[in-house]
Amino acid sequence: MKYQRKRISRAIRAGLVMGMLATAGIAAAAAQTPTAAAPAATAKTPPKTQPKTLATVVVTGSLIRRVDMATASPVTALGRESITRTGKPILGDVLQQLPMISGNATNTHNNTNGGGVATPATEAGDGAARVSLRGLGTGRTLVLIDGQRMVNEDINLIPQNMVQRVDVLAEGASTTYGSDAVGGVVNFILRRDFKGAEISLNDGISSHGDGQRRGFSLTMGNSGDRYSLVGGLDYNRYDAVPGPRRDFATNQLFLANGKVIVSGSRSIPTGEFQLPSALATRFGCPLATLQTGNGTALDNYRCFQPGVDAFSTLGFDYLQTQQQRTGGFLLGRYNLTPNVTAFLDVFYNHTDAAGLDPAAPVGTEDGLVIPASAPFNPFGVTFSQNVIPGDPDSGYDFQTRLMSAGARLHPYSTHTGQVITGVRGGFGDSWNWNVTLDYGHTARTQRDDNELSIPALQAAIDAGANIFDESANGVALGAGAVDAVYGKYQSLQQIQASANGDLWSLPAGPVQLAVGALYRKDTMHYTVPAFALLDPATANCAILQEACGSPGRGTDSVREAFGEVLIPLLSGLPGAYSLNLDLGARWSNYASTPGSTTNKKVALEWRPIQDLLVRGTISQVFRAPNLDQLYDGRSILNPTVTDPCVFLTAAELAQHTAACRFVPPNWAGSGTLQPDTYYSGAKAVGEQLRPEHGKSVDIGFVYQPRRVPGLNTSLDFWHIYLYDTLAPVAGTTVLNACFADNSSPFCPLIDRQSDATRRPGRIFVIDTPVVNLGTLSTSGADFTLNYAIPHFRVHGIDPGHFKVGLDTTYTSTFKNNAAAGLAGSQTLNYAGTLGAQFGNIARWRAALTVDWQRNQWDAQWRTRYIAPVTALAADSVTNANLPMASVVYTDLQVGYAVPTIHTRFDVGVDNLTDRKPPLWYQNGQVNTDTATYDVMGRYYWARATLRF
């Protein structure tokens with residue numbers, strides 16, 4: 001069977017390559033004769049005697065127009081050629097491989113959202129990809145389109161053929177761009193002055209014969225003396241890949257007492273029953289599960305064995321989510337006068353994607369009641385969430401997994417459109433001005449298929465359907481499956497005016513000034529179907545508890561004024577080839593937060609000699625609370641927490657009365673604890689948020705020796721520090737803070753079951769809203785080296801041209817104090833670790849590329865390195881850490897251009913050595929870290945590009 005799959009895989013690969021070659025060749029022959037000149041050949045070359053005028057541009061990280069691209073800000077530029085040579089149709093797959101990007105971030109391999117969790121922030125399975133610079137999280141990386149904010153920062157929705165290059169600034173830039181630019185900025189520079197037409201076809205498939213991706217792009221443009229116009233279409237589609245298609249994701253793996261075991265969820269099709277004391281004595285255990293028969297007799301049951309009786313969810317996870325994108329764009333410029341230009345940039349994207357989860361777990365926590373009088377109930381007690389008045393033998397727990405309802409599919413449909421328009425011009429000898437309007441909207445629909453209607457399921461049970469024996473009652477029980485639809489709408493409206501130019505001249509050069517102001521309004525509206533509205537008092541709604549949610553709605557606006565001045569201090573002196581001082585400031589006033597904030601930066605650029613740039617920047621950074629953090633309503637999450645109140649004596653419990661209310665002495669707890677927590681924005685619990693603040697420091701060197709043409713290298717040391725960080729408070733933080741201090745403000749957020757229930761002391765729910773709490777800092781170094789090797793010959797043979805590039809990032813520290821200032825809080829260093837909170841913070845990440853070009857041939861060898869990490873609390877029993885190995889990925893690309901048909905062909909192999917990802921146990925994501933490691937294995941791709 002394996003041999004047959006390999007033959008099919010080879011046949012498919014050969015077919016797609018030959019098909020693309022034939023298609024491109026036929027299209028080229030039909031479109032244009034071989035003698036037609038390529039667009040590049042028709043460009044007029046200015047006479048050699050014509051004097052050069054160096055154009056000034058706005059460099060990412062600064063408001064000042066500059067000639068020199070090397071400034072105080074360390075910017076990594078990813079050119080169009082570098083992007084296309086990766087063979088990846090979507091930009092997320094390209095950018096998330098950069099060494100300075102780490103931590104938690106969604107991508108096309110994030111499938112599960114823990115079921116149909118209904119929160120506005122839910123993205124797993126929607127095909128999105130976001131950027132987390134320095135591991136600080138996606139909310140602290142600002143994404144821009146030509147310097148303007150995106151309404152939806154999913155970089156996968158940007159048509160790749162619209163982009164000329166990507167600038168990545170990995171330092172705080174709040175004074176330049178405002179809120180969110182804490183870890184840095186990703187700025188997509190658009191494609192301008194394109195003439196002609198270009199069609200690109202791409203296809204790919206894994207060596208396992210699955211995960212096919214295919215698509216095309218069409219780009220057309222023209223320009224004249226007064227205008228330029230570029231437009232295009234982009235389409236790509238990815239097939240879903242189920243987890244069991246890879247051996248590392250066949251079963252859900254846990255590490256317990258140092259041994260790897262196959263385990264899974266405690267919600268199993270044969271049920272978990274809490275036994276009354278008399279039956280617990282008879283069975284010799286507190287919990288039972290069905291063993292044989294139809295469940296109507298006690299002899300049909302045996303003891304439930306935690307860890308052994310488990311349901312593996314991996315058969316219902318995707319290694320790659322199903323997704324399809326269609327996008328288009330139009331970029332236009334028109335010179336109204338010799339000094340005034342109108343511009344219009346429009347782009348649109350429609351993405352369909354879907355995640356998958358197994359059939360629904362359901363039980364008394366969802367509101368089900370199994371009466372003692374039910375003919376199929378042999379236990380003599382009523383299973384219910386709470387003790388029912390008048391029924392002293394009620395309140396016992398029951399949980400099952402209703403396989404007859406079918407797997408839960410979570411399709412997402414996202415529509416995003418953005419318009420950036422305005423006028424710009426110049427006056428005087430050096431001044432430029434710009435007025436820009438930015439409008440964007442995004443609408444996302446999340447549908448949860450095969451959720452369960454609790455009233456319908458209860459009615460089936462009351463009518464006699466035996467939920468203890470689903471195999472014979474599946475039709476009646478599964479009839480309660482329903483589809484829940486949640487909607488999220490966001491919009492952005494902004495007007496900005498700015499100007500920059502020379503003020504006066506100093507001996508070292510002109511003093512340059514940039515000033516501006518803007519007004520922006522953001523809107524969010526999240527809708528929940530009526531039957532899914534959460535009742536906070538019971539933690540239930542009319543469907544499965546996990547899918548209960550609350551609507552959210554709100555707006556925020558900001559007024560900002562900003563400025564930057566570049567002062568040339570010295571020039572042309574010994575030890576001071578140039579010395580520039582860059583000062584910036586931004587004033588921001590948000591409607592949602594009290595007062596205003598002013599943030600400043602100081603940057604220094606010093607060239608002791610022409611070849612060496614010494615640079616340094618100290619800037620204040622801030623992040624205002626976003627609309628989700630402000631206005632999200634309550635929804636249910638189930639994080640894993642450790643209860644500090646287990647196995648305590650009566651005397652010890654008396655010292656922690658607030659945290660351990662209703663907990664009995666020597667209580668053993670409830671096993672692996674995943675209590676209900678209410679995530680919400682601050683407004684839902686009456687809290688007021690403030691912006692988080694901090695500092696970003698960068699000191700570096702850029703060396704480009706004239707004696708070694710083609711060589712440039714840089715070394716930058718960075719440190720980012722944040723306080724009053726914005727984040728949902730963790731359930732463990734709430735418990736530990738209250739445990740350490742009975743008067744902690746977190747104590748009212750804990751709700752335990754009372755003495756009137758069957759499980760006194762068990763956590764019923766913990767409120768975990770977004771708060772300002774904690775500190776976060778990280779530091780490290782970046783090193784880059786690029787060398788275009790001088791052309792050489794070997795025994796008279798021309799081997800071609802070679803370029804070498806090396807990018808590395810070292811993370812020295814990543815320190816977090818989740819509850820700074822509160823009793824019992826501590827600062828932990830997460831550098832070199834992998835955990836649920838911050839993701840993968842490997843100390844070393846590196847990328848090496850070797851480029852070769854000779855005549856019409858070219859090739860690229862890419863190698864990526866991710867250092868070993870320590871998986872935190874990897875053992876489900878002992879909470880011991882586990883070392884995980886380093887990973888090296890190698891990609892290969894080969895290209896050939898055929899000038900006679902104006903066509904280029906590229907083929908490539910990603911993960912050439914078929915490196916499997918290191919295992920990360922009990923993480924719920926196909927046994928590995930899908931935000932960091934490759935899960936598809938060796939992957940073949942091909943592309944044909946025709947230009948005419």
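Which residue in E16 is the bridge partner of Thr-289? I looked that up before anything else, and Arg-302 is the partner.

**Ground rules**

I am working on a predicted model, where local features need pLDDT of at least 70 and side-chain atom pairs count only at pLDDT 80 or more, while totals for chains, interfaces and linings use all residues. Residues are numbered from 1 along each chain as its sequence is written, and side-chain values use heavy atoms, with hydrogens and water left out.

**Entry: the sheet around E16**

I followed Thr-289 and Arg-302 outward to their strands. Strand E15 (residues 287–290) runs antiparallel to E16, and three bridges join them. For my own reference, strands (E, at least two residues) and helices (H or I, at least four) are DSSP runs numbered from the N terminus, and two strands count as paired if DSSP finds at least two bridges between them.

The sheet is an open one of five strands, with antiparallel pairing in the order E16-E15-E14-E21-E20. E16 (301–303) and E20 (361–363) are the edge strands, each with a single partner, so one side of each has no neighbour in the sheet. On average, neighbouring strands here are turned by 30° against each other, direction ignored; the axes are lines fitted to C-alpha atoms, and angles run from 0 to 180 degrees between N-to-C directions.

**Entry: disulfides**

I got four disulfides, taking cysteine sulfur pairs within 2.5 Å. In sequence order, the bonded cysteines pair 1-2, 3-4, 5-6, 7-8.

E16 turns up again here: Cys-285 and Cys-303 are bonded, sulfurs 2.0 Å apart. Their link is left-handed, at -95° about the S-S bond. Cys-285 sits in the loop between helix H5 (277–283) and E15, and Cys-303 in strand E16, 18 residues apart. Cys-285 is buried at 11% relative accessibility, whereas Cys-303 is partly exposed at 22%. My cut-offs are under 20% relative accessible area for buried, over 50% for exposed and partly exposed in between (1.4 Å probe, protein chains only).

I checked two others. Cys-541 and Cys-548 have their sulfurs 2.1 Å apart, with a left-handed link at -85°, and both cysteines are buried. Cys-738 and Cys-747 also form a disulfide, S to S 2.1 Å, but this link is right-handed, at 110°. Cys-738 is buried at 0% and Cys-747 is buried at 10%.

**Entry: salt bridges**

The whole-structure search gave 41 salt bridges, meaning a Lys or Arg side-chain nitrogen within 4 Å of an Asp or Glu carboxyl oxygen. I opened three of them.

Asp-851 meets Arg-85 at 3.4 Å, N to O. Asp-851 is in strand E42 (residues 844–854) and Arg-85 in the loop between helix H2 (80–84) and helix H3 (91–95), so the pair ties together parts 766 residues apart in sequence. Asp-851 is buried at 16%, and Arg-85 is buried at 7%.

Lys-88 and Asp-910 come to 3.1 Å. Lys-88 is in the loop between H2 and H3, and Asp-910 is in strand E47 (residues 903–910), 822 residues apart. Both are buried.

Arg-690 and Asp-724 also have their closest N and O atoms 3.1 Å apart. They lie in the E31–E32 and E33–E34 loops, so the pair ties together parts 34 residues apart in sequence. Arg-690 is partly exposed at 36%, and Asp-724 is partly exposed at 24%.

Last note: shared partners join Glu-81, Arg-85, Asp-851, Asp-858, Arg-904, Asp-906 and Arg-943 into one salt-bridge network.
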